[in-house]
Amino acid sequence: MKQTYAPKQLTVGVVSTPGDPQLGTVINGVVEIIHQRGGRVINLAAPIEVVGMPLPANDAIDGWIVVHWQEGLPALAATGAPIVTVNLVIDGVACPAVLPDNVGGTYALIAHLIGLGHRRIAFMGDMRHKDIRDRYRS
């Protein structure tokens, strides 16, 4: 009897910041697209340093999506696995990044609020983060 082998299933690892309020939307989008292509997603809400260590899943991961997490990214990049970052650019790590339009988004948000008649608009954010500073400056 002749055996046939199915092609290897694409497995994408997602490393994310635990407790990030935007994370569910990002993960749901990733899962939807990968599943449409017959793949699977392994989500690790853990420090990236852990991902760089020998984990059982590491050998099964074809590529990584890193969401808002930078500690340990150079070590993960050194493994040679393809990486795409979301809302993150790290000096010395050459990988594609998906970045928000902070200035355009802020202008659209303020225009919307003004269009609704709001005149007293406050800004809140953690100024330690570049995205927040970009939004504040716009």
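User: Helices are DSSP runs of H or I with at least four residues, strands are DSSP runs of E with at least two, and both are numbered from the N terminus. With these terms, in which loop is the place of Ile-90?

Analyst: This is a predicted model, in which local features need pLDDT of at least 70 and side-chain atom pairs count only at pLDDT 80 or more, while totals for chains, interfaces and linings use all residues. Residues are numbered from 1 along each chain as its sequence is written, and side-chain values use heavy atoms, with hydrogens and water left out. One strand beside the loop of Ile-90 is β4, residues 83-86, and the other is β5, residues 97-98. The place of Ile-90 is therefore the loop between β4 and β5.

User: Is Ile-90 buried or exposed?

Analyst: Buried means under 20% relative accessible area, exposed means over 50%, and partly exposed lies in between (1.4 Å probe, protein chains only). The relative accessible area of Ile-90 is 15%. Because this value is under the 20% limit, Ile-90 is buried.

User: Which residues does Ile-90 touch, not counting those up to four places away in sequence?

Analyst: A contact means heavy atoms within 4.5 Å. The C-alpha atoms of Ile-90 and Pro-74, 16 residues apart along the chain, are separated by 8.3 Å. Leaving out residues up to four places away in sequence, the residues that Ile-90 touches are Gln-70 and Leu-73.

User: How many residues does the largest nonpolar core have?

Analyst: A nonpolar core is a set of buried Ala, Val, Leu, Ile, Met, Phe, Trp, Tyr and Cys residues joined through side-chain atoms within 4.5 Å. Among the members of the largest one are Val-66, Leu-73, Leu-88 and Ile-90. Two or more residues of this core come from each of β3 and α3 (73-78), and apart from it lies another core, of nine residues, among them Val-12 and Val-86. The number of residues in the largest core is 11.

User: What is special about phi in Asn-87?

Analyst: Asn-87 has its place in the loop between β4 and β5. Most residues other than glycine have a negative phi. In Asn-87, a residue other than glycine, phi has a positive value, near 60°.

User: Which strands are at the edges of the sheet?

Analyst: Two strands pair if DSSP finds at least two bridges between them. Five strands form an open sheet in the order β2-β1-β3-β4-β5, with parallel pairing; β1 (residues 11-16) and β2, for instance, pair over five bridges. An edge strand pairs on one side only, and the edge strands are β2 (40-44) and β5.

User: At about what angle does helix α1 run to β2?

Analyst: Axes are lines fitted to C-alpha atoms, for helices over the stretch in contact, and angles run from 0 to 180 degrees between N-to-C directions. Helix α1 (residues 23-36) lies across β1, β2 and β3 (63-67). To β2, α1 runs at about 155°.

User: Why are the buried residues of α5 on the same side of the helix, and which helix is included in what covers them?

Analyst: Helix α5 (residues 130-137) has the buried residues Asp-131, Ile-132 and Asp-134. They cover an arc of only 160° around the axis (taken from the directions from the helix axis to the C-beta atoms), so they are on the same side of α5. On the other side, Lys-130, Tyr-136 and Arg-137 are exposed. What covers the buried residues includes α4 (102-115).
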